[in-house]
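Subject: Structure handover

Hello,

Here is the structure for you to look through. My notes follow below it.

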Amino acid sequence: MPVTQAREIAPAVRLEKVRYAIRDLASVADEVAKQGHKILPLNIGDPITFDFQTPPHLIEAVYQAMRDGKNGYAPSSGVNEALLAIRGEAARKGITTVQDVFITTGVSETVDICLTALLNPGDNLLTPCPDYPLYSAVLAKLDIGLNAYYLNEEDGWQPDLEDIKRKITPRTRGIVLINPNNPTGSVATRKMLEQIAELARRHNLVIFADEIYDKLIIDDDPHVAMAAVAPDVPVITFGGLSKNYLAPGWRIGWGIASGEASGIKPYLEGVNKLLRSRLCANHPEQYAIKVALEGPQDHLLEVKRKLRSRRDLTMEWCAETPRVSCVAPRGAFYAYPSLDIPEGDDVFVTELIRQKYVMVVHGSGFGQRPGTKHFRIVFLPDEKTLTSAYSAIGDFLRERYR
Ligand SMILES: Cc1ncc(COP(=O)(O)O)c(C=O)c1O
């Protein structure tokens with residue numbers, strides 16, 4: 001007799017805490033697409049979807065690696081020539097106390113491994129609000145509650161230092177700083193980095209410095225690496241090929257561990273245990289790391305030129321549009337305007353897709369201060385697409401809120 005499956009298989013309860021705002025909108029977008037409308041996607045942080053291409057010399061290096069037979073497993077921390085190139089990059093970033101470097105399947109895996117290696121039940125980790133949802137998803141997976149600190153819109157979205165101080169508890173193990181920031185596009189000041197480093201020193205915190213957008217500083221002011229201003233503090237700096245080098249599909253990221261050697265060593269043994277248990281990151285793609293970091297950087301000029309023009313267009317639209325105001329993004333490719341509307345930003349975003357076929361993400365999906373409303377724009381599309389999208393959002397605001 002064949003056995004039939006009678007009961008539903010329920011997912012783990014802790015997954016209820018996993019938020020992914022874009023998913024909430026997917027069904028609305030499907031509905032609109034089925035009616036034959038083309039959606040203007042201002043929600044996708046993937047440059048390759050728009051007019052950006054992976055630099056050809058990186059593609060060549062991966063192709064060559066495959067032809068050279070680099071198709072087996074790689075060492076768990078990564079291939080040597082790539083690790084050396086990342087150490088060189090750390091030196092250029094001013095990080096002088098490197099204790100370890102490791103390559104992972106995107107920064108997403110670096111985050112997963114580094115948080116898993118640190119946190120025990122009952123511990124907490126300070127994460128920014130608004131946040132990039134990966135952090136809260138990993139914490140949910142570990143059954144660790146969120147301890148979110150606010151970014152301060154009135155202060156150009158710099159971290160709210162007083163809020164961080166208030167939220168540190170005896171069980172706080174670390175703090176995440178995304179710089180340049182997703183979703184606000186802010187870039188942290190040196191003074192802010194120094195103040196956060198001082199708190200980390202005083203409370204024995206690990207700093208997770210997510211610097212995946214560090215070469216996409218739109219106005220050419222220098223990016224200051226957290227680990228460079230805090231050489232004695234345990235810092236894991238995250239970087240990768242997804243954004244700076246326009247290769248998100250290759251899934252190559254890395255962590256640079258720095259700080260005073262004896263303090264960070266036991267933690268790094270934990271990180272390496274997890275690195276070994278998942279075998280390795282993608283192998284042939286690791287051969288693009290050296291040529292990316294040490295080869296021509298011309299693509300960055302072109303990328304930044306496009307981002308500057310698209311950011312400026314975005315800011316002009318925000319300035320002239322009633323009910324919208326926005327802190328100018330200084331890095332990455334996100335803007336996070338605030339909305340003055342009488343209903344929730346989730347309703348705004350859903351109706352915008354339904355009525356004008358423009359897709360942005362609601363601020364409540366990233367977390368925000370109570371009583372505030374926002375939406376995130378990805379300003380990667382070309383000027384023509386952005387202009388049509390902004391004109392449609394402007395019409396929507398006028399028609400819906402008068
Ligand atoms: C702040 C931040 N960190 C990490 C990631 C994930 O990077 P990766 O593609 O290397 O996994 C993203 C992707 O959008 C991001 O915005």
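By class, the shell around the ligand has six nonpolar, seven polar and one charged residues. Please keep in mind that this is a predicted model.

**Ligand shell**

The ligand has 14 residues around it. G106, V107, S108, N182 and S242 come nearest. Which helix gives the largest share of the shell? Helix α4, residues 106–118, does, with three residues.

**The chain as a whole**

There are 13 helices and 15 strands in the chain. The radius of gyration is 22 Å, and the globule rule gives 21 Å for 402 residues. Those values are close, so the chain is as compact as a globular protein of that length. Along its principal axes, the C-alpha trace spans about 70 × 60 × 50 Å. Of the 402 residues, 48% are buried. Take the contacts with a separation of 6 or more: residues 24 or more positions apart account for 76% of them.

**Two domains**

The domain assignment splits the chain in two. Domain 1 covers 13–52 + 298–401, and domain 2 covers 56–294. Their C-alpha centres lie 26 Å apart. The contact between them takes 35 residues from domain 1 and 31 residues from domain 2. On the domain 1 side, the elements that give two or more residues are α11 (298–320) and β11. Helix α11 gives the most to that side, with seven residues. By class, the side of domain 1 that touches domain 2 has 18 nonpolar, seven polar and 10 charged residues.

**A three-stranded sheet**

Strand β11 also belongs to an open sheet of three strands. The order is β11-β15-β14, and the pairing is antiparallel. Strands β11 (334–335) and β14 (361–362) stand at the edges. Each has a single partner strand, so one side of each is left without a neighbour in the sheet. As a reminder, strands of a sheet pair through backbone hydrogen bonds, either parallel or antiparallel.

Which residues face each other here? Start with β14 and β15 (residues 375–378), which are antiparallel and joined by two bridges. V361 stands opposite R376 in β15. H362 has F375 in β15 as its bridge partner. On the other side of the pairing scheme, two bridges join β11 to β15, again antiparallel. There, A335 stands opposite I377 in β15.

Now the side chains of β15. In a regular strand the side chains alternate between the two faces of the sheet. In β15, F375 and I377 point one way, and R376 and V378 point the other way. All four are buried.

**A closer look at F375**

F375 is found in strand β15. Why is F375 classed as buried? It has 27 other C-beta atoms within 10 Å, and the cut-off for a buried residue is 20 or more. Leave aside its neighbours within four places in sequence, and F375 is in contact with P337, L339, D345, F348, V349, V360, V361, H362 and G363. One of these, H362, is the bridge partner already named. V324 is 51 residues from F375 along the chain, and their C-alpha atoms are separated by 9.8 Å.

If you open the model, you could begin with the ligand shell and then turn to the sheet.

Best wishes

How values were computed:
Residues are numbered from 1 along each chain as its sequence is written. This is a predicted model: local features need pLDDT of at least 70, side-chain atom pairs count only at pLDDT 80 or more; totals for chains, interfaces and linings use all residues. Two strands pair if DSSP finds at least two bridges between them. A residue is near a molecule or strand if its C-beta atom, placed from the backbone, lies within 6 Å of it. Ala, Val, Leu, Ile, Met, Phe, Trp, Tyr, Cys and Pro count as nonpolar, Asp, Glu, Lys and Arg as charged, and the others, Gly among them, as polar. A residue is buried if 20 or more other C-beta atoms lie within 10 Å of its own, exposed if 12 or fewer, and partly exposed in between; C-beta atoms are placed from the backbone. Two residues are in contact if their C-beta atoms, placed from the backbone, lie within 7 Å. Domain bounds come from an automatic or database domain assignment. The radius of gyration is taken over C-alpha atoms; the globule rule is 2.2 Å times the number of residues to the power 0.38.
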